[in-house]
Amino acid sequence: MKVLIGSTHEEVAELAANSVLEGLERYVSNRPPVIGLATGSSPLGLYGKLAELVKAGRLDFSQATGFALDEYVGLPQSHEQSYRQTLIRDFCQVTGLPEANLNVPLGDAESLEVLEAAASQYDEAIRAVGGVDVQILGIGSNGHIGFNEPGTSLRSRTHMTRLTARTRADNARFFGSLDEVPTHSVTQGLGTVLDAKRLVLVATGQAKADAIAAAIEGPLAAACPASVLQLHQDVTLVIDEEAAMHLKHREYYDAAAQVLSL
Ligand code: F6R
């Protein structure tokens with residue numbers, strides 16, 4: 001695991017964008033990239049930096065394919081807080097990824113059977129394009145990634161899940177009231193996330209400090225779903241000082257982040 005600590009949100013976004021760029025350069029050649037996308041506040045600065053790299057001609061998403069991490073159950077796809085609309089606004093419109101190439105789990109199916117069938121087809125669709133090259137992640141204050149809440153199987157695939165009271169309260173800021181926050185979502189599973197070639201997780205603020213410490217330095221345990229990142233061979237966590245405040249091995253992460261010249 002690489003742990004990069006930025007002193008400002010700007011620096012966090014910059015470090016994360018570099019990691020995404022380097023990952024795409026490493027894993028993609030002679031074909032359009034496949035990018036995994038998170039919603040929420042954490043990746044917004046990163047998306048802005050990726051848009052700058054597109055403008056500078058260093059990245060091109062015009063032929064790329066995107067896969068969202070998750071979607072609420074029960075919101076129409078056209079709802080402004082659906083993750084489809086959120087990613088169209090926050091990613092497609094700033095980076096040029098065509099809306100038609102944005103895949104989002106089906107959350108507004110007419111029945112549970114249709115929803116579950118679509119969830120398992122989502123994993124197949126990712127496999128069919130050769131997998132996600134770089135997956136962008138945030139982390140919940142309870143340690144969730146995607147909407148894999150504490151207790152989720154560490155090998156889960158895309159599935160429907162119930163949101164915890166804490167997650168619904170955390171996300172109420174995007175809705176008029178807590179009652180409007182959906183109770184369920186469809187999320188890529190932890191096993192699905194681990195299949196991506198590179199993972200880049202962004203977290204800022206004190207509210208994430210316990211989750212970050214548990215993810216990086218805690219035991220591998222379903223109680224902190226993000227601890228499963230410890231099993232990935234190419235994962236970078238980009239965090240700020242506040243999110244880093246409970247880390248015990250800070251000195252090592254800082255030293256390891258220095259570039260070695262031989
Ligand atoms: C969003 C997602 C979630 C968020 C997490 C943090 O697609 O999968 O895991 O990344 O809830 O949200 P923010 O960044 O809003 O604090």
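User: Which side chain makes a polar contact of 2.5 Å with the side chain of K49?

Analyst: Before we dig in, keep in mind that this is a predicted model. K49 is part of helix α2, and beyond its sequence neighbours up to four places away it touches E10, A13, E14 and A17. One member of that group also has a polar contact with K49, side chain to side chain, at 2.5 Å, and that partner is E10.

User: Is K49 buried or exposed?

Analyst: The cut-off to keep in mind is that buried means under 20% relative accessible area. K49 has a relative accessibility of 11%. Because that value falls under the cut-off, K49 counts as buried.

User: Let's move to the ligand. Which residues are the closest to the ligand?

Analyst: The space the ligand takes up is the largest pocket. Around the ligand there are 15 residues. The closest of them are T39, S42, D70, H144 and K208.

User: How far does a polar side-chain atom of S42 lie from an oxygen atom of the ligand?

Analyst: Let's take a few of these polar pairs together. R173 has a polar side-chain atom 2.8 Å from a ligand oxygen, and for H144 the distance is 2.7 Å. For S42, a polar side-chain atom lies from a ligand oxygen at 2.4 Å.

User: How much of the ligand does the protein bury?

Analyst: Start with the ligand taken alone, where it exposes 410 Å². Then put the protein around it: the share of that area that gets buried is 94%.

User: R173 came up with the ligand. Which residue has a side chain joined to the side chain of R173 by a polar contact of 2.7 Å?

Analyst: Look at the loop between β2 (34-37) and α2 (44-55), where S41 sits. Setting aside residues up to four places away in sequence, S41 touches R173 and F174. The side chains of R173 and this loop residue share a polar contact of 2.7 Å, so to speak a handshake, and the residue is S41.

User: Why does S41 count as partly exposed?

Analyst: Partly exposed is the band between buried, under 20%, and exposed, over 50%. S41 falls inside that band because its relative accessible area is 39%.

User: How far apart in space are S41 and V202, C-alpha to C-alpha?

Analyst: Along the sequence, S41 and V202 are 161 residues apart. In space, the C-alpha to C-alpha distance between S41 and V202 is 9.7 Å.

User: Over to helix α7. Which elements do the buried residues of α7 pack against?

Analyst: Helix α7 covers residues 209-217, and its buried residues are A209, A211, I212, A213, A215 and I216. Those buried residues pack against three strands and a helix, namely β1 (2-6), β9 (198-203), β10 (235-240) and α8 (250-256).

User: Which residue's side chain does R250 meet in a polar contact of 2.9 Å?

Analyst: R250 is in helix α8, and with a relative accessible area of 24% it is partly exposed. Leaving out residues up to four places away in sequence, R250 touches I5, E241 and A244. R250 and I5 are 245 residues apart along the chain, yet their C-alpha atoms are separated by 9.2 Å. The side chain that R250 meets in a polar contact of 2.9 Å belongs to D254.

User: What is the relative accessibility of L229?

Analyst: L229 belongs to the loop between α7 and β10. Not counting neighbours within four places in sequence, L229 is in contact with M1, L137, I145, L199, L201, V235 and L237. L229 counts as buried, because its relative accessibility is 0%.

User: Which residue has a positive phi of about 60° although it is not a glycine?

Analyst: Check the loop between α1 (9-27) and β2. A residue there counts as exposed, at 83% relative accessibility. The residue with that positive phi is N30.

User: One more: is T86 buried or exposed?

Analyst: T86 lies in helix α3 (residues 83-95). Apart from residues up to four places away in sequence, T86 touches T39, E80, Q81 and F91. Since buried means under 20%, and T86 has a relative accessible area of 9%, T86 is buried.

Terms used: Residues are numbered from 1 along each chain as its sequence is written. This is a predicted model: local features need pLDDT of at least 70, side-chain atom pairs count only at pLDDT 80 or more; totals for chains, interfaces and linings use all residues. Side-chain values use heavy atoms; hydrogens and water are left out. Buried means under 20% relative accessible area, exposed over 50%, partly exposed in between (1.4 Å probe, protein chains only). Helices (H or I, at least four residues) and strands (E, at least two) are DSSP runs, numbered from the N terminus. Contact means heavy atoms within 4.5 Å. A residue is near a molecule or strand if one of its heavy atoms lies within 4 Å of it. A polar contact is a pair of N or O atoms within 3.5 Å; within protein, one must be able to donate a hydrogen and the other to accept it, and residues adjacent in sequence count only if both atoms are side-chain atoms. Accessible areas come from the Shrake-Rupley method with a 1.4 Å probe; for residues, only the protein chains shown count as cover. On a 1 Å grid over the protein atoms alone, a cavity is a set of points where a 1.4 Å probe fits but cannot get out, and a pocket is an open set with protein on both sides within 12 Å along at least five of seven lines; lining residues have an atom within 4 Å of a point. A molecule sits in a cavity or pocket if more than half of its atoms lie within 2 Å of its grid points.
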